[in-house]
Amino acid sequence: MIVSKAKTFRNIIYTSLTKGATLVCVAVTSSVVARNLSPSDYGVVGFAFIIIGFLSHFSDVGVGSAAIRSLTLDQRGLQTAFTLKIILSSVAFVVALLIAPFAHHFFEHPATGNVIRVLALDFLVTTIGFMSLVTLTREQNYRALVIPGVASAIARCILAVILILSGWKYWAVVFADVGANLTGSVAVQLARKMPIRFQFVWTDVWKYLRFGLPLLGSGTLIFLVLNMDNFLVGSRMGSTKLGYYALAFTWGSFICGLLEDTVNNVMLPTFSAIQDDTAATRRWYLKTVDLMVFVAVVANTALLANIHFFLVTFLGKGTDKWLPAATALEILCVYGIVRAATVPIGNCIMARGRTKMLLHATALAGAVELLLILLVLRTGRIGLIAATVLIAYVSQAVIYLPYLRREFSISFGDLAAQLWPVVPALVGGYAITSLLPNSLGGTIVTLACRGMFTASVVALIHGLCTRFRCFEEAGGMISQSLARVRA
C-alpha cells in the first residue's frame, strides 16, 4: 500500500495543533501549580497518578491498538472491542477503590487514598468516546480529533487554575484531570457519533487479547520503568523529594511525551498500512527518527541551557524553592532526547505484531533500572536516580539494534548517520547560551527570549550538520499538501 507523504504530514499538523494547545495550557497550568503548591503537595498528586497510571494499562490491555491495527473492522468487531473495554475499565475502577485504603502504607500522606478514589473515575470516563476514537484513528481523520484534544487541554487549564486560585491545592490538579478527560471523551463522541451497542464475540475477543496481552506486559513494564523511580523516591525519601523529582521528570520528558503521543497516533496506522513493505517501513522509520530527534534536541536543549531561570523565574515566582530539582532535570533533559529517538521503533514493532519484542526490551530496562536504583537509593540524591533512568533506557539498544538490522537492514551506522548531529547541536546550544548575561532571564519575557535564542542556535547547528534535511523534508511535504489543496 502506498502511503502519501502529504496526507501523513497533514495528519501530523492536525495532531501537532492539538499538542501545541496542550503545550500552552500545560505551561500555564504548571506555572500556576508550581507557584502555589508545596513540593509535598506536588508529590502526593504524583504518587496517586502512579497508581492510576499503572491500573490504566489493565483498563485497556491494548484493545484500542488491536482494533486500530486490524486490516478489517466491522461493527461487530468494533462493538466487541467496546464491550471488552467497558469490562476492563470497570474492573480497574473497582481495583483502584480496593487499593486506595492501603495506599498510605507506601506513601505517608493522609489524602493519598481519597485522591486515588477520585482519579479512578478516569477509567469509566475514557470509555465514552472509545468507538469514535478508534474509528477516526483508523480513518486517519485527525482533523476531526483536533477539537476534542484542544477542548480537553483548555478544560484542564481552566479548571486547574480556577481551583488552585480558590485554594483547593492538590485537589485542583485531581479534579482538573477528571474534568479534562470527560470533556475530551464527550467531544470525541460528538465528533463522530457512534451508537452505543454491546457485543461479545469470543473470536474477536481472543484476537484482541492475543495482540494485546503481550502489549499489556510491555506496557506495564514500560510504565514500571518510567515510574519505578517515582514510586521508590516517594516511598523511601518522602513526599518532598518526590515533589522535586516528579517535577523534574515531568518537564524532562514533557516534549518527548508529546512527540510520543503524536507519533503513536499518526504513525501506527501508517506503519500498519505498509507493514508488509520492508523498504517503505525502513524509509519511513529513518525519516521519523530524524524529525523526532530534531524537535527533541531543539526543545530539550532550550530547557537544559536555561534550567536555573526556568525553575526560579517560571516555576518558583522568583524564589529558589524548586532549585533542588535542577540536577535531576538536567539529566532528564538528555533522557528526553534519547527516549524520543526510540519512540518510532515501537510503532514498527506493533505494526508487525511483534509485541513480545517490546516486552523483552522493557523487561531488560526494568531489571537494569531496579538494580541501579537500589544501589543509589540510600544516597538520597534524586540526581543519581535520574541517571539510573537514563542508563536503563539506553540499555534497550541491546535488543532493538539487532531487531532493526535483521528486519529492516538498518545498521548502527545508519542510525549514527541520522543521530550524530544531536551532539554538536546540544553542546553548541548550551555553550553559546551560557555566554548570555544572567540579567537576561529574570522575567517571563526575557526567559522566553533566552529559550528562543537557544532553540534557534540548536536548530541552526543541526541544520548545518545535516544540510537542513529536516527543513527540506518538511518543505516538500508542505508543497505536496498545498498542491493537493489547489488541485
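Just after helix H7, Gln140 takes a positive phi of about 55 degrees, and that small detail is a good place to start a tour of this predicted model. The protein chain is built with 22 helices and 0 strands. Of its 487 residues, 56% count as buried. The points below go from the whole chain to single helices and residues.

**The chain as a whole**

- Contacts in this chain often link distant parts of the sequence: among those between residues at least 6 apart, 86% join residues at least 24 apart.
- The accessible surface of the protein chain comes to about 20800 Å², and carbon and sulfur atoms account for 68% of that surface.

**Two enclosed helices**

- Helix H7 covers residues 130-138, and 7 of its 9 residues are buried, so H7 is largely enclosed by the rest of the structure.
- The buried residues of H7 are Phe130, Met131, Ser132, Val134, Thr135, Leu136 and Thr137.
- Helix H5, residues 112-119, has 6 of its 8 residues buried, so H5 too is largely enclosed by the rest of the structure.
- In H5 the buried residues are Thr112, Gly113, Val115, Ile116, Val118 and Leu119.

**Gln79 and its partners**

- Gln79 belongs to helix H4, which runs over residues 75-99.
- Gln79 has a relative accessible area of 5%, so it counts as buried, the cut-off being under 20%.
- The side chains of Gln79 and Gln199 are joined by a polar contact of 2.9 Å.
- Apart from neighbours within four places in sequence, Gln79 is in contact with Met131, Arg197 and Gln199; Met131 is one of the buried residues of H7.

**Where H13 meets H21**

- Helix H13 (residues 278-304) and helix H21 (residues 444-466) have axes that come within 8 Å and cross at roughly 145 degrees.
- This crossing of H13 and H21 is right-handed.
- On the H13 side, the contact is made by Phe294, Val297, Val298, Thr301 and Ala302; on the H21 side, by Gly451, Thr454, Ala455, Val458, Ala459 and His462.
- Sorted by class, the contact of H13 with H21 has 7 nonpolar residues, 4 polar residues and no charged residues.
- Val298, a residue of H13, counts as buried at 16% relative accessibility.
- Val298 touches Ala455, Val458 and Ala459, leaving out residues up to four places away in sequence.
- Val298 and Thr454 are 156 residues apart in sequence, yet their C-alpha atoms are 7.9 Å apart in space.

**Thr446 in H21**

- Thr446 is another residue of helix H21.
- The side chain of Thr446 reaches the backbone nitrogen of Gly442 at 3.3 Å.
- Not counting residues up to four places away in sequence, Thr446 touches Leu440 and Gly441.

**The loop between H14 and H15**

- Helix H14 (307-315) and helix H15 (326-351) are linked by a loop that holds Lys317, and Trp322 is in the loop between H14 and H15 as well.
- Is Trp322 buried or exposed? Trp322 is buried, with a relative accessible area of 0%.
- Trp322 touches Ala34, Leu37, Pro39, Tyr42, Gly243, Tyr244, Leu247, Leu311, Leu315 and Gly316, setting aside residues up to four places away in sequence.
- Trp322 and His308 are 14 residues apart along the chain, and their C-alpha atoms are separated by 9.4 Å.
- Lys317, by contrast, is exposed, with a relative accessible area of 58%.

**Residues with a positive phi**

- Most residues other than glycine have a negative phi.
- Lys317 has a phi near 55 degrees, a positive value in a residue other than glycine.
- Arg467 is not a glycine either, although its phi is positive at about 60 degrees.
- Where does Arg467 sit? Arg467 is found in the loop between H21 and helix H22 (469-486).
- Arg467 has a relative accessible area of 72%, so it counts as exposed, the cut-off being over 50%.
- Gln140, met at the start, has its positive phi of about 55 degrees just after H7.

How values were computed: Residues are numbered from 1 along each chain as its sequence is written. This is a predicted model: local features need pLDDT of at least 70, side-chain atom pairs count only at pLDDT 80 or more; totals for chains, interfaces and linings use all residues. Side-chain values use heavy atoms; hydrogens and water are left out. Axes are lines fitted to C-alpha atoms, for helices over the stretch in contact, and angles run from 0 to 180 degrees between N-to-C directions. Helices (H or I, at least four residues) and strands (E, at least two) are DSSP runs, numbered from the N terminus. A crossing is left-handed if the near helix is turned anticlockwise from the far one by less than a right angle, and right-handed if clockwise. Contact means heavy atoms within 4.5 Å. Ala, Val, Leu, Ile, Met, Phe, Trp, Tyr, Cys and Pro count as nonpolar, Asp, Glu, Lys and Arg as charged, and the others, Gly among them, as polar. Buried means under 20% relative accessible area, exposed over 50%, partly exposed in between (1.4 Å probe, protein chains only). Accessible areas come from the Shrake-Rupley method with a 1.4 Å probe; for residues, only the protein chains shown count as cover. A polar contact is a pair of N or O atoms within 3.5 Å; within protein, one must be able to donate a hydrogen and the other to accept it, and residues adjacent in sequence count only if both atoms are side-chain atoms.
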